[in-house]
Structure formats: C-alpha cells, structure tokens
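Here is a briefing on one protein chain. It starts with the overall fold and then turns to helix packing and single residues.

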Amino acid sequence: MNSLTLFLPFCLILITNSPSLTNANGSDLISQICKEPSINQKECTDILTAYPRTMHANNFFELAEAILQLSLYKAIEGQKFLRTLMKTENVPAIAQCANSDYESVITAYKSALSKLKDDPKTAKHYAIDAGDGPVSCEAALADTPVYFNFEISNLNIQMGSLSYIATLAIDKLII
C-alpha cells in the first residue's frame with residue numbers, strides 16, 4: 001500500500017471536519033438573511049450564529065426550519081420563565097403574557113413548522129402571527145401602572161426579532 005492511498009482519506013477527513021468549511025454554507029445563508037435593510041444586521045447575525053443548526057444549514061429550507069425550531073424553543077423557554085415569574089409577581093399582565101400571548105406564539109411556530117415544506121406562504125403567515133404575542137404582552141405590561149420588568153421586555157424584543165427573521169428566511173423559499 002503506497003503512502004498516497006493512506007494520505008488521501010486522511011486529507012478528506014480533515015477537510016470535511018474543518019469548521020470553516022462546514023459552516024460556510026450556513027454563514028453565507030445567514031448573511032443573506034441578515035443583510036436585509038429592514039433588520040439590525042448585528043442582532044440578526046448574533047442570534048442566528050449562536051444556534052448550531054442555523055450554521056449547518058445547506059439551503060434556505062434548512063435555514064428557515066432551523067430558525068423556526070429555534071424560535072419555538074425560545075418561545076417555550078419564555079413561557080416557562082413567565083409562568084415562574086407569575087408565581088412570585090401578582091401582576092395580571094404577566095399571566096396574560098404566559099397563558100395567552102406566549103401560548104399563541106408557540107402555536108404559531110408549531111403551525112409554521114408543519115406548513116413549511118408544503119406551503120411556505122402559509123408558514124410565513126404563521127411566522128408573522130408569532131410576532132403578535134410579544135407585542136400584545138408588551139402592551140399589557142405597558143398598561144400596568146408602576147411595573148416594568150427588563151427581562152420580559154428583552155424576551156419580547158427577541159421574540160419579535162425572531163418572528164421577523166423567520167419571515168425573511170421563509171421569503172427565500174417563496175421567491
């Protein structure tokens with residue numbers, strides 16, 4: 001067996017496991033989404049590059065699916081946070097956020113994921129609808145006198161951003 005026979009498979013293994021090469025497609029796709037003029041490019045890039053599934057997306061379908069899955073996960077975690085906060089804070093707006101607003105966000109992301117492959121236009125509408133929950137939650141909190149929670153506001157901002165980012169990604173499937 002000559003040395004070239006052993007060397008070639010070794011090189012292929014190194015190349016295919018190189019982080020810079022395996023992430024190139026995901027990074028490229030993310031930059032195409034995050035370069036849209038209507039979005040904060042740094043925030044968009046920071047959100048998406050922190051999630052490994054988006055970095056490994058090979059096409060816009062995989063990226064849109066990963067963004068929706070990330071969004072669903074963040075919505076579920078947000079609802080858990082709000083429900084925990086409900087136990088210590090006697091603020092009806094927090095209950096609305098946890099039990100109504102974020103429940104609708106979760107339902108919208110599940111629906112978007114279920115429609116993504118066969119009906120991306122409907123999936124986009126669900127992703128847009130997912131952005132309504134954080135807006136409603138923020139409005140309910142704003143109507144509550146003398147109560148402000150920085151963590152809830154940050155959660156609502158991030159969930160609104162994810163909704164918009166998801167719609168941008170799904171748009172790439174529709175065009």
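Accessible areas come from the Shrake-Rupley method with a 1.4 Å probe, and for residues only the protein chains shown count as cover. By that method the protein chain has an accessible surface of about 9,800 Å². Carbon and sulfur atoms own 59% of this surface. The model is predicted, so local features need pLDDT of at least 70, side-chain atom pairs count only at pLDDT 80 or more, and totals for chains, interfaces and linings use all residues. Residues are numbered from 1 along each chain as its sequence is written, and side-chain values use heavy atoms, with hydrogens and water left out.

**Overall fold**

- The protein chain holds 10 helices and 0 strands. Helices (H or I, at least four residues) and strands (E, at least two) are DSSP runs, numbered from the N terminus.
- Read from the N terminus, the order of elements is α-α-α-α-α-α-α-α-α-α.
- Of the 175 residues in the protein chain, 39% are buried. Buried means under 20% relative accessible area, exposed means over 50%, and partly exposed lies in between (1.4 Å probe, protein chains only).
- Among contacts in the protein chain with a separation of 6 or more, 69% join residues 24 or more positions apart. Contact means heavy atoms within 4.5 Å.

**Helix α9: two sides**

- Helix α9 spans residues 132–142. Its buried residues are Gly-133, Pro-134, Cys-137, Ala-140 and Leu-141.
- These residues sit on the same side of α9, because they cover an arc of only 125 degrees around the axis. The arc is that of the directions from the helix axis to the C-beta atoms.
- An α-helix has 3.6 residues a turn, so residues three or four places apart point the same way.
- Val-135 and Ala-142 are exposed on the other side of α9.
- What do the buried residues of α9 pack against? They pack against α7 (92–115), α8 (120–130) and α10 (150–174).
- Ser-136 is also in α9. Ser-136 is partly exposed, at 28% relative accessible area.
- Ser-136 touches Gln-96 and Asp-101, leaving out residues up to four places away in sequence. Ser-136 and Asp-101 are 35 residues apart along the chain, with 6.5 Å between their C-alpha atoms.

**The α8 and α10 pair**

- Two packed helices are described by the angle between their axes and the distance between the axes.
- The axes of α8 and α10 come within 8 Å and cross at roughly 170 degrees. Axes are lines fitted to C-alpha atoms, for helices over the stretch in contact, and angles run from 0 to 180 degrees between N-to-C directions.
- α8 and α10 are therefore roughly antiparallel to each other. Angles under 35 degrees count as roughly parallel, over 145 as roughly antiparallel, 65 to 115 as roughly perpendicular and the rest as oblique.
- On the α8 side, the contact includes Pro-120, Lys-121, Ala-123, Lys-124, Ala-127, Ile-128 and Ala-130. They meet Ser-163, Ala-166, Thr-167, Ile-170, Asp-171, Leu-173 and Ile-174 in α10.
- The residues of this contact divide into 9 nonpolar, 2 polar and 3 charged. Ala, Val, Leu, Ile, Met, Phe, Trp, Tyr, Cys and Pro count as nonpolar, Asp, Glu, Lys and Arg as charged, and the others, Gly among them, as polar.

**Buried residues of α7**

- Tyr-102 lies in α7. It is buried, with a relative accessible area of 0%.
- Leaving out residues up to four places away in sequence, Tyr-102 touches nine partners by name: Ala-75, Gln-79, Leu-82, Cys-97, Pro-134, Cys-137, Leu-155, Asn-156 and Met-159.
- Tyr-102 and Gly-78 are 24 residues apart in sequence, and 7.5 Å separates their C-alpha atoms.
- Ile-94 is in α7 too. Its relative accessible area is 0%, so Ile-94 is buried.
- Beyond residues up to four places away in sequence, Ile-94 touches Leu-82, Leu-85, Met-86, Glu-89, Leu-141, Tyr-147 and Ile-152. The C-alpha atoms of Ile-94 and Ile-152 are 8.9 Å apart, across 58 residues of chain.
- Ala-93, in α7, is buried at 6% relative accessible area.
- Outside its neighbours within four places in sequence, Ala-93 contacts Ala-140, Leu-141 and Thr-144. Ala-93 and Ala-140 are 47 residues apart in sequence and 5.3 Å apart in space, C-alpha to C-alpha.

**Ser-71 in α6**

- Ser-71 belongs to helix α6 (residues 60–88). Ser-71 counts as buried because its relative accessibility is 0%.
- Ser-71 touches Tyr-109, Met-159 and Leu-162, not counting residues up to four places away in sequence.
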